[in-house]
Amino acid sequence: MTTELEANRRRLTFSTHGSGREGSIDVLVDGNRIWSTMPGTASEKGKVTLRWPKALVPYLSGLGTIEVRDSSSGKLLATSSVRFGRSASPVEVRDARGRWLVVNKWQRMSPALEGNSRVRELLVVDAARLTTDLQTLGYKVYITGGSLLGAVRTGEILPHDDDIDLAVLLPAEHPSDLSLASFRMEDELEGLGYRVMRHSTAHLQVHFSGSADESAYYIDIFSGFFRDGIFCQPFHVRTPMERSSIVPTTTMSLGGEALPAPAVPGDWLAACYGPDWETPDPSFRFETPPETRRRFENWFGTLNTHRDYWHDVHAASDTPALVDGDAAHLRALSRHLPRNAPVVDLGCGTGVATTVIAQHGHRAVGVDFSARALDVAKENTAVPIDWQLINLADRRRMLEFGVELVKTGLPWHFNLNHVLEGLTGDGRESVFRCLRLALADEAFAFATVDTNYLSRKFEEGNPQTWHLPQKTLRDEARRHGLVVETLSTGQRCTPYGRRRTATVMLRRTRPADSPALPEKNRAPMRRLFSRIFARIAPEHAANRAVMNKAESEGGIAELVRSYEREVRELRAEVDEVRKDSLRIAELYDLVFERLRDGNP
């Protein structure tokens, strides 16, 4: 029995006729699925009310027939014709390329593969080729995640899935060794011609570009390993498991292609999705235990902060254009650039500014971490530009990119138009290290940043609302051997209010720009020597510290407070050691690659 439903741009309400129901539901518009979710508990009147996902709301405009169906059986539960707002046009939940979108498991809008048989076919064919290449390279690879779930249930990609998940079982246990193995795998895949993007030192993503009529798609590769009898596979799985549950791998069919799978698929699926993994739930969302998330993020970091946000921004339009302030930034850059100077546009997005730079006779390189943005850039650019898929937060890749620029022997200049304020501190550190390496004495980086923010408009998950004060910029740049010169200040209008801006020039620090170290900044060196003494003679150092504190501070309460401060400092040091270990692994791998290639 079906019922009418009610819907507006805030919520969806339908009746259950007083009977409770279990399992997920699909919500469709004009026959196209847009969302899958768990209905929750009905009210006393048998009504179920659901709030629309935030990412879906902007598309709810116009007329459409809404249907609610049981995800498992497809049974129609409720339906009605609905008008959202005043528009009489059909509801179109599509991106700028006309692809139908659905709310995915991350609560983002992504192209629906269930109605695109051609892309699904290409996806499994490329997955088969990629697994074969990985096996040839000596990796124990297997399908995982939703791909394994689909293979077990139906032998097909799950209707609500938008990629294929692979994993490789690595023999290493220590995070640094695992990171090095992942770096080597990345280099090997790039050597075979794959376009690889790194999400962490245990997660790679291989991108494939679709044609004008086809969606771009990707394949994830996660690192799996055993540590003290615990099977780990970032970002979610960490559980006791026998090695025999994973290897030797078996073979399963997915979309007509034979792909390697874990030896006991059910063991892996139970570890990831829980004991009820056999019950279909398109609305499933990962809830990673805090201790698991903490370990994986500390061991392997995370380099995909806000990648999804920018991907969605760039997917929303195929007709990119300059926004307020961009033209002024480019005019100022043009006044300072030498004639025909080569320019790297970091964080180029859809390449509007990069194209303008190239049209003015400069050799241009556009760098961004959104594959979708670069695809749009290529489609809308007629001038020759070198487009590079690089994550600015990936320190190793940015150092490697800097080496590539230095090897050209050219005085590269850099453009960073509203990029630095949209990065985390670690991301800016990666950029500054690259600039320090690649900038020649006469070259510069040209940047415009928002220096203020409006508290009522600020969103932690929206980097376009962030800001970077000039003092913070100068302090961070100075720590990496860069000096900042402010050229001008101004304002610009944005969807998040009027913002104050600063246009600056960054250059490598010359000896005259480096003042003597103030006395107050020598304290960290003294603390370093104290820590070295504590490691060489820990008992003597501890006894001396206790006696000194007791004599000078004269009280147990103050001594306890000082111990609390030391604990906080030690925790900070542990995090520094983790970062340093990762840096050592990155630099070791970079040096190894240079030596292997016969380069100094």
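Begin by selecting helix H11: its buried residues are Gly427, Arg428, Glu429, Ser430, Val431, Phe432, Cys434, Leu435 and Ala438. Here, buried means under 20% relative accessible area, exposed means over 50%, and partly exposed lies in between, with a 1.4 Å probe and protein chains only. Helices (H or I, at least four residues) and strands (E, at least two) are DSSP runs, numbered from the N terminus.

The structure is a predicted model, in which local features need pLDDT of at least 70, side-chain atom pairs count only at pLDDT 80 or more, and totals for chains, interfaces and linings use all residues. Residues are numbered from 1 along each chain as its sequence is written, and side-chain values use heavy atoms, leaving out hydrogens and water.

Remain with H11 and select its two ends, residues 425 and 438. The expected span of a helix is 1.5 Å times one less than its number of residues. For the 14 residues of H11 this should give 20 Å, and the end C-alpha atoms are 20 Å apart, which agrees.

Next, select the seven strands of the open sheet, in the order S21-S20-S19-S22-S23-S25-S24, where the pairing is mixed. Two strands pair if DSSP finds at least two bridges between them. At the edges are strand S21 (386-389) and strand S24 (482-494), each of which pairs on one side only. From one strand to the next, the twist averages 20°.

Within the sheet, select strand S23 (residues 445-450) and strand S25 (residues 497-508), which run antiparallel and are joined by six bridges. To inspect one position, choose Thr448, whose bridge partner in S25 is Thr503.

Now add helix H7 (residues 326-336), which packs on the sheet and touches strand S22 (413-417), S23, S24 and S25. Contact means heavy atoms within 4.5 Å. The direction of H7 makes about 155° with that of S23. Axes are lines fitted to C-alpha atoms, for helices over the stretch in contact, and angles run from 0 to 180 degrees between N-to-C directions. Then select helix H12 (residues 470-479), which lies across S24 and S25 and runs at about 150° to S24.

Move to Leu122 in helix H1 (residues 117-136). Is Leu122 buried or exposed? Leu122 is buried, because its relative accessible area is 18%. Select Tyr217 as well: its C-alpha atom is separated by 9.1 Å from that of Leu122, although the two residues are 95 residues apart along the chain.

Finally, display the whole protein chain, whose secondary structure comes to 15 helices and 25 strands. Of its 600 residues, 49% are buried.
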